[in-house]
Amino acid sequence: MYRNEKYYFHSLEIGYLDSLPVRKTILFMESSYSAAVCSDLEKQFLTYNLHRPMKVGQYDEGRQLTYTMTTVDSPAKTMDVTLKIERSVGGGFAGQVYKVIILDIKTDRPTGIASGNTYAMKIFIPPSGFSRMFRNLLFAIGFQGSFQLQTNPVAARCGALWQKLIQRAARSRFGDRASVNGIHATFVDSTLGSCGELSDWVEGRTWQLEVDNRMDLLSKWDRGKKVDIAQLGSPEYRAKKEFMHRFVALLHEMGAHEFARQYEWSTWKSQPNCLKRLSTDSTPEKGLIAVDFRAGLALLPFLPMSPGDVKLIFQGLLRGSLVQFDRGSLATLKSFIDAHKDSFIDLLSLLEELEKSERIYRDSLPDITHNHFRLLFSRQLWSTMLSSSVTGWRVQNIIDEGFAQSLKKSPILLFIFWLLGLVPFLGRICRKCIGHRMWRKHYFSIPTNPSYFIRALKGKMAEAAISWHRDGRLTEAAAKTIAGSPGLFCIHLPFSLLPPGLHKFFTSWSYFKKRVEYIAVRPFRLYFNASLREEWLREMVDEGLRKRMLTHDDAREIATQLQEPFIQKYLQSLAVHVMTLPITQVVSVIIAAVYVLTHPELSWQEASATALVIIGAFQVIPISPGSLARGLYVLWLVIRERNFKDYNIAVVLGFLKYVGYLAFPIQMTYRYPTIARFMAAHWATEAVHAVPVFGESGALLEHKIFGVFYNRPLTIRRRMTHRAELRQTMRSRWRHMVPITLCATGALYGIDRWYLQFNDTIPGFKGILSLTFSGIKQLIAQLTSLRLPTPEQLAMLVHYLPFGAALFICGLTGGLVTAGCGGTPLNRRIILAALAGIVTGALYTALSGCLSVQAGTPAELIPLIIGGVWKMFGYTIATTIGAIETELSLPEPAAGQSPHP
């Protein structure tokens with residue numbers, strides 16, 4: 001599971017809403033773990049008396065640590081600092097972050113930190129093994145060396161010095177000394193094998209998901225167009241965007257070009273790097289602070305990982321930087337400081353230190369994109385590179401201090417030891433055997449001492465149990481059991497390659513039962529148990545308040561509606577929709593398996609391609625088995641209750657794939673607009689958090705999704721209300737539907753006649769789907785065999801034009817019908833559009849039959865009628881969607897203007 005260090009700044013409040021407690025929603029699979037169990041297993045590891053130290057991936061709450069730190073001051077000071085971990089607050093590619101409290105400081109001179117205060121400690125090694133591997137791989141590709149922030153104290157020092165100077169520049173530019181987080185010291189953690197830094201702890205959050213019913217104006221503002229500021233909403237969102245834009249401009253102005261990547265808005269993942277202090281909640285435009293200046297991933301020219309990276313790559317190429325990470329321009333920085341010398345008068349010695357440190361840092365890597373031909377002749381470059389390698393190996397505990405001194409005295413031995421690292425996997429083991437006395441003794445004792453081998457195995461089991469328990473793979477009891485059972489350890493070992501949830505699902509019977517119950521049984525309980533449905537909704541409301549997605553007034557309104565019959569009915573229907581979630585996937589896999597098994601003549605490539613086409617087709621078709629079951633359920637409700645009015649939207653949208661999941665939240669907007677908007681936004685933002693990196697809480701994707709599912713409906717509702725008021729002064733119209741329907745039918749008939757010029761017959765609805773299926777299957781087969789599609793296969797696209805044109809024409813028909821209805825109420829406009837689809841389908845079917853007779857291939861009556869029914873059904877949906885889309889997209893009329901453009 002990916003965890004990002006930004007979460008540690010997010011302070012959440014739990015309180016009371018009138019008499020209703022705001023409870024914390026309990027996730028089904030908790031990510032917390034027992035620090036006491038980890039501590040017990042660590043003590044158990046020590047009892048084995050192994051020659052090697054224990055591998056520690058991260059620290060637990062309550063752990064006390066002592067570091068020798070170097071302050072980021074002018075002049076720098078060295079001090080011994082004892083601190084206690086208050087809590088681990090996550091980690092990403094750049095490293096892991098902790099909230100710590102200083103217990104004791106030993107120094108002969110005053111420093112900027114004080115005992116008893118709280119700080120943030122970041123150590124530049126990810127807690128996740130996959131994150132560490134991926135990060136190191138990208139860095140090695142780009143710079144041909146180890147990740148320097150972790151292994152090179154000089155590199156960590158350079159980043160801290162840049163941040164100190166950036167903080168001073170931001171204070172001068174923005175007039176706020178707290179606009180950039182303060183950094184205090186750097187250090188080396190010999191236990192984790194990484195460098196680290198100590199900075200201020202920020203009591204802050206990312207952003208509020210602000211309720212805004214003028215998303216139309218906000219979209220224009222986002223595009224840089226002039227709008228009436230007085231009518232604009234989302235003040236906190238706008239303040240953050242403006243601050244980050246100005247901050248990026250400042251970073252480029254002072255030469256910190258690649259640091260600016262952390263705050264480029266267009267990357268869609270930089271927003272959590274800028275936080276808002278909780279003490280400034282009442283003033284949206286104040287309290288913003290830049291907190292993160294350590295990139296986790298190198299930006300390679302052929303691997304942009306966000307929309308904004310494409311622009312950044314081209315900007316880097318113009319600066320001569322093919323691979324980007326944390327390089328700045330010292331010449332530009334010096335010019336900037338010279339121009340603002342009064343602001344930097346006390347930090348000039350830091351600039352001198354930065355110049356010296358940058359030379360060492362940049363020469364510590366081969367970095368062929370910057371060093372070029374220097375690698376062929378520069379003795380200083382190779383000397384610095386090899387010397388820094390020794391330091392890095394020492395930081396990572398690959399070598400001990402004695403061997404480090406030997407390497408520094410013997411360039412030949414150093415070069416051979418460096419070459420050993422090029423050997424995959426075994427190279428690191430060989431280095432430890434040669435360079436570290438404890439590891440050498442450990443590796444030699446394993447094959448020669450049976451009792452030590454057993455102790456070493458138990459130590460490995462204890463380490464794995466700690467790691468798996470922290471990841472949420474094992475319960476407390478399971479972790480203790482596996483640490484002492486070689487058989488269970490071997491069973492769990494292959495499952496450790498899976499994500500934590502799947503590992504636990506396949507290895508824990510109790511968790512398996514809970515997950516199955518949650519997926520398969522809970523929806524039925526929700527359907528039959530009113531109190532459970534009410535509790536379900538209350539938990540969602542609590543979560544909405546906690547995340548500030550709901551105002552207290554909205555939450556109070558929802559709380560008063562929980563007992564209303566229609567709310568219970570809608571919640572029951574939502575439970576049915578949850579039950580239909582797996583239907584399409586199960587049916588698609590079964591059909592694909594049956595098809596492959598009944599066609600043994602297919603090669604494995606053809607069988608794979610066919611199975612992919614079948615499964616993929618079920619994902620893209622507008623009506624799937626799951627949506628069909630959902631739609632039939634709503635239709636059954638309409639017939640049983642003889643009530644079309646309260647289901648008129650859901651009965652149409654319920655048949656559509658994906659959109660149908662929001663059918664009842666959309667339907668509820670008529671009677672219960674607040675709860676409908678909230679439920680749609682809640683589910684959408686929860687789903688987006690599953691997106692790697694971009695789905696992070698506080699990132700732009702979360703805000704965009706909230707805007708689409710909550711604020712956009714608010715905007716549309718306000719606009720439609722305004723338009724409905726204007727329509728009351730107009731006469732209702734419906735006769736325009738006749739010529740529009742006739743024109744649509746004529747257009748479809750003309751397409752069929754055009755199609756006949758290239759083919760002998762007119763394919764029916766089933767024929768078009770068959771052609772589409774076979775064409776896609778052939779294209780996938782070509783691609784899986786690494787061959788480009790042939791011109792004949794591409795020419796087959798002409799067969800799909802009638803189908804696509806029919807959908808477009810019907811959608812346009814629905815839009816034109818609703819646009820010409822004058823003062824007709826909205827529900828009747830939608831009914832008229834649906835009626836136009838039915839009539840168009842019927843007339844088109846009759847004309848197609850006549851055209852088939854003229855072409856000499858008359859269609860049989862029964863297939864013609866069946867095809868006509870399908871066309872009427874499909875065209876009705878298309879015209880309805882076209883009408884709804886038109887109503888939703890019409891701009892808000894100005895005062896005195898007609899409600900239609």
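This is a guided tour of a predicted model, with suggestions on what to select and what is there.

**Stop 1: strand β3 and its partners**

Begin by selecting residues 64–71, which make up strand β3, and show their side chains. Leu65, Tyr67, Met69 and Thr71 point to one face and are buried, while Gln64, Thr66, Thr68 and Thr70 point to the other face and are not buried. Such a pattern is expected because, in a regular strand, side chains alternate between the two faces of the sheet.

Now add residues 78–91, strand β4, which pairs with β3 in the antiparallel sense over 7 bridges. A hairpin of 6 residues joins β3 to β4, and in β4 the bridge partner of Thr70 is Thr78. Next, select residues 183–189, strand β7, which also pairs with β3 in the antiparallel sense, here over 2 bridges. If you keep Thr70 highlighted, you can look for its bridge partner in β7, which is Thr186.

**Stop 2: a sheet of three strands**

Move on to the open sheet whose 3 strands have the order β9-β10-β11, with antiparallel pairing. Which strands form the edges of this sheet? They are β9, residues 204–205, and β11, residues 288–290, each of which pairs on one side only. Helix α6, residues 235–253, packs on the sheet and touches β9, β10 and β11, and its direction makes about 40 degrees with that of β11.

To look at one pairing in detail, select β9 together with β10, residues 274–277, which run antiparallel and are joined by 2 bridges. Within this pairing, Arg205 has Lys276 in β10 as its bridge partner.

**Stop 3: salt bridges across the chain**

Side chains of opposite charge can pair when their charged atoms come close. The structure holds 36 salt bridges, and the next selections show a few of them.

Select Asp222 and Lys704, which form a salt bridge in which the closest N and O atoms are 3.9 Å apart. This pair links distant parts of the chain, since Asp222 belongs to helix α5 (residues 215–222) and Lys704 to helix α32 (residues 700–727), 482 residues apart. Asp222 is partly exposed, with a relative accessible area of 23%, and Lys704 is partly exposed as well, with a relative accessible area of 31%.

Then select Lys311 and Glu264, whose side chains meet in a salt bridge at 3.2 Å, N to O. Lys311 sits in helix α7 (residues 307–319) and Glu264 in the loop between α6 and β10, 47 residues apart. Is each partner buried or exposed, or something in between? Lys311 is partly exposed, with a relative accessible area of 38%, whereas Glu264 counts as buried because its relative accessible area is 8%, and buried means under 20%.

Continue to Arg362 and Asp326, whose side chains meet in a salt bridge at 3.3 Å, N to O. Arg362 is in helix α10 (residues 348–362), while Asp326 is in the loop between α7 and α8, 36 residues apart. Both Arg362 and Asp326 are buried. Finally for this stop, select Glu42, Asp60, Arg63 and Arg470 together, which are joined into one network by salt bridges that share partners.

**Stop 4: Leu635 and Phe655**

End the tour at Leu635, which lies in helix α28, residues 625–641. Leu635 is partly exposed, with a relative accessible area of 34%. If you add Phe655 to the selection, you can draw a line between the two C-alpha atoms, which are 9.6 Å apart in space, while Leu635 and Phe655 are 20 residues apart in sequence.

Conventions: Residues are numbered from 1 along each chain as its sequence is written. This is a predicted model: local features need pLDDT of at least 70, side-chain atom pairs count only at pLDDT 80 or more; totals for chains, interfaces and linings use all residues. Side-chain values use heavy atoms; hydrogens and water are left out. Two strands pair if DSSP finds at least two bridges between them. Helices (H or I, at least four residues) and strands (E, at least two) are DSSP runs, numbered from the N terminus. Contact means heavy atoms within 4.5 Å. Axes are lines fitted to C-alpha atoms, for helices over the stretch in contact, and angles run from 0 to 180 degrees between N-to-C directions. A salt bridge is a side-chain nitrogen of Lys or Arg within 4 Å of a carboxyl oxygen of Asp or Glu. Buried means under 20% relative accessible area, exposed over 50%, partly exposed in between (1.4 Å probe, protein chains only).
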